[in-house]
Amino acid sequence: MPCRFVLLALLCLGSFAAQAQGDAAPAAAASSATPAQAMQLLDDRLDTIKATLKSKHPDTPLADLRGTALAVQDQARQLALDLAPQMAAVQAQLDVLGPAPARDAPPEAIGVATQRRQLDKALAGLDAQVKQAQLLGQNALQLAAQITGLRNDEFQARLASRTASPFSSAFWSEPARSFPDDLARLDRLGGRLADAWSEAWQPPNRTPLLLCLIGALLWLGVGRWLLDGLLLRLATRHVPDGHLRRSAMAVAVALTALLTTGLAAQLVYLGLNWNDILATDLDALARSAVRLVLFAAFVTGLGRALLSVRRPSWRLPPLSDLAAQRLRMLPWLLGAAALLFGLIERISRTIGSSLPTTVATRGAVALVVSGLIAAGWWRLRGARRQAAAEGVVEHRPLWVGALGAGAVLGVLVSWLGVATGYIALAFFAAVQMLWVGVVVASAWLLGHLLNDLIHIALSPHERGGQRLQTSFQLAPHALDQAATLLAGIARVLLTLLAIAIVLTPFGAGPGDLLASAVRTFGNLKLGDLPINPGNIFRAVLVLVVGGVLLHMLKRWLREQLLPKSTMEPGMQDSIVTLLGYLGGLLVLVLTLAALHVNLTSITWIVSALSVGIGFGLQAIVQNFISGLILLVERPVKVGDWVSLNEVEGDIRRINVRATEIQLWDRSTVIVPNSQLITENVRNVTQANALGRVQIKLPMPLDTDADKVRALALEVLGAHPRTLAAPAPYVQLDGLDAGSMTFNCVAYVGSPRDTSGVKSELLFELLQRLRRARLPLVRAQLVRTLPPLAEEDEHTG
């Protein structure tokens with residue numbers, strides 16, 4: 001389910017109850033009637049809507065008609081769902097009876113045949129009713145779309161309409177002529193409201209009214225104070241100190257203002273209409289007043305949260321204390337203006353005021369709202385100038401400057417529209433500036449809160465990140481990258497939702513806002529592949545859950561199951577790697593299935609890959625297939641000592657594309673997997689081969705060969721790392737002019753020990769030969785080294 005703004009969710013509180021009351025009677029009538037009667041009622045409602053649209057009356061309530069059409073669509077869909085179990089039950093009875101006998105088969109019993117005919121007839125009737133209900137739903141949905149188009153056309157026409165300029169006498173003469181009639185209508189509405197109050201004050205309704213009024217006053221006074229204190233204590237005690245505490249408190253302050261004021265207004269409405277004493281139009285006016293109070297309270301609470309005049313250290317926007325002080329009253333004034341002019345607009349619609357009065361009222365709204373926005377911008381600019389004069393440099397993001405420029409442009413458009421007679425355009429610009437400001441501020445605040453929550457949960461320096469790091473053995477940089485990625489995705493989603501809400505047609509309600517967001521971003525396609533937000537959310541969920549489960553499975557295999565088996569470590573690592581590849585492929589397939597991707601949708605991708613493989617990806621694919629062969633056939637495995645061309649060392653890891661070989665100097669060589677398959681590879685340790693130490697000693701011809709042989713065997717056998725079986729041996733390898741060569745061989749447990757043991761044996765042999773006065777032949781010369789004692793005497 002996509003993320004929603006807190007503003008939109010809370011604005012729906014007042015409308016949900018009203019919609020439930022408004023639709024209660026038709027729903028009750030539909031539930032008590034038969035399916036055929038219910039569908040007839042729904043069809044009649046659609047005909048009434050169509051007839052109203054054909055009348056083309058200028059005061060036709062298109063928004064109400066659209067809501068009625070959508071309600072018919074919902075009831076038709078619910079009716080089809082209710083009929084589905086009945087069809088399933090009838091079909092189950094037919095399945096119990098079995099198929100009808102063939103023509104050449106004996107006839108079935110008369111009772112069974114009669115029952116079969118009745119069930120077939122009932123199934124056909126239910127199927128026809130389901131199809132009729134589905135058709136009704138489609139017609140209602142098409143009618144709602146048609147009404148939406150009419151509303152957009154009406155809106156465009158209203159924007160393009162022009163009246164006389166307020167600087168001319170013609171503009172004021174028409175409202176002056178219609179003012180007595182409008183005043184009389186207003187007096188009648190006031191009389192009806194007074195009668196409703198008198199009826200609410202009667203004994204049957206007086207007690208609930210008093211209790212609701214007292215509860216509203218207590219909630220506005222004591223309740224707000226207690227709630228503020230409770231939130232402050234919770235934030236200081238349970239929320240970590242830092243950015244999260246500031247953003248959480250800002251959201252809490254905005255919601256506190258909304259909940260306290262909104263609940264108080266709802267209590268007053270319940271007290272006045274306790275026993276449904278308000279007429280339909282008065283009830284609609286009261287519910288509209290509650291929604292306007294909610295919006296005004298949210299505007300003031302949002303401004304209070306962002307400015308944070310009393311607690312400057314908790315202020316989220318980069319505003320100076322002087323700027324916050326100068327803008328302190330702006331949210332209150334904007335909220336009061338929205339409430340006042342919203343009530344005037346709703347009262348004008350209720351009493352049916354004249355067009356000149358409506359135009360004059362909207363012109364006043366445009367001037368007041370745009371004037372307040374201009375005053376706020378001017379005061380903010382003055383505060384920045386003063387800060388710049390004091391040497392304080394304020395850095396603003398680009399989008400903040402763009403919003404400021406847009407506000408200036410909107411103010412100019414509104415003022416020029418009023419001056420030139422385009423009142424509808426001026427009114428739209430002023431209201432949209434207020435609406436865009438509320439949407440942007442809400443999105444910015446929610447973005448900060450989500451960003452702080454994500455970093456608190458995933459940061460390796462916080463408790464949540466440390467728990468994830470311990471539980472899943474994740475690297476700190478991986479957690480930082482995940483936090484940055486999720487925060488970026490959250491900001492993108494909030495931005496897209498804000499854009500969809502801002503681009504909603506004029507005069508839409510909360511349901512229209514959500515529908516507009518779905519229409520804006522729900523019809524995108526990539527080729528033949530539809531991009532649906534719900535499918536994307538499910539695909540991301542499958543990808544994340546599949547990745548976590550695969551990681552847990554690999555960890556369980558690597559740390560618990562495989563170490564208890566008789567497999568060697570190289571085989572264990574190969575199995576884990578291969579299962580990781582297969583599991584990753586399975587997760588990818590499930591993700592594509594969640595996106596509803598079929599073969600026809602990715603044909604162009606496969607074609608592009610085939611062309612890429614033909615030209616530039618041959619080596620990559622070859623190495624990938626070679627890596628799979630290495631993991632399955634295992635000619636080499638992790639831990640083997642191999643020799644390939646001029647590379648010799650231990651295999652540390654077999655990846656998808658290449659194999660990592662660690663050399664004797666601890667450096668690593670990356671070898672493509674295809675070389676390990678297509679070239680000659682010497683695997684020293686594949687069959688648990690032993691290391692062979694070979695030393696050749698060139699000696700003079702007059703040397704005592706038996707003495708050299710015995711001395712060498714003693715040195716080879718005495719070393720702690722040489723093996724007794726196979727036993728060391730010394731051979732006379734050859735005779736040359738003036739010299740003979742002894743070949744000394746010993747075996748060690750691993751080829752990796754060869755170089756170290758050989759070095760130690762050479763040191764020991766040279767020392768023992770000098771002590772025994774057995775000289776070696778000098779390199780490239782056929783003369784002997786002087787004995788050690790003679791060298792000592794000579795040097796001495």
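In this predicted model, strand β3 (residues 641–644) is covered on both of its faces. Trp641 and Ser643 lie on one side, Val642 and Leu644 lie on the other, and all four are buried. The general pattern behind this is a friendly one to remember: in a regular strand, side chains alternate between the two faces of the sheet.

Now for the neighbours of β3, which has a pairing with β4 and another with β7.

| Partner of β3 | Residues | Bridges to β3 | Direction | Residues standing opposite |
|---|---|---|---|---|
| β4 | 647–654 | 4 bridges | antiparallel | Trp641 and Asp650 |
| β7 | 682–683 | 2 bridges | antiparallel | Ser643 and Arg682 |

The link between β3 and β4 is a hairpin with 2 residues between the strands. If you are checking backbone torsions, look at Asn645 in this hairpin, where phi is positive, near 55 degrees.

How many strands make up the open sheet, and in what order? There are 5 strands, arranged β6-β5-β4-β3-β7 with antiparallel pairing. β6 (668–672) and β7 stand at the edges and each has a single partner strand, so one side of each is left without a neighbour in the sheet.

Terms used
Residues are numbered from 1 along each chain as its sequence is written. This is a predicted model: local features need pLDDT of at least 70, side-chain atom pairs count only at pLDDT 80 or more; totals for chains, interfaces and linings use all residues. Side-chain values use heavy atoms; hydrogens and water are left out. Buried means under 20% relative accessible area, exposed over 50%, partly exposed in between (1.4 Å probe, protein chains only). Two strands pair if DSSP finds at least two bridges between them.
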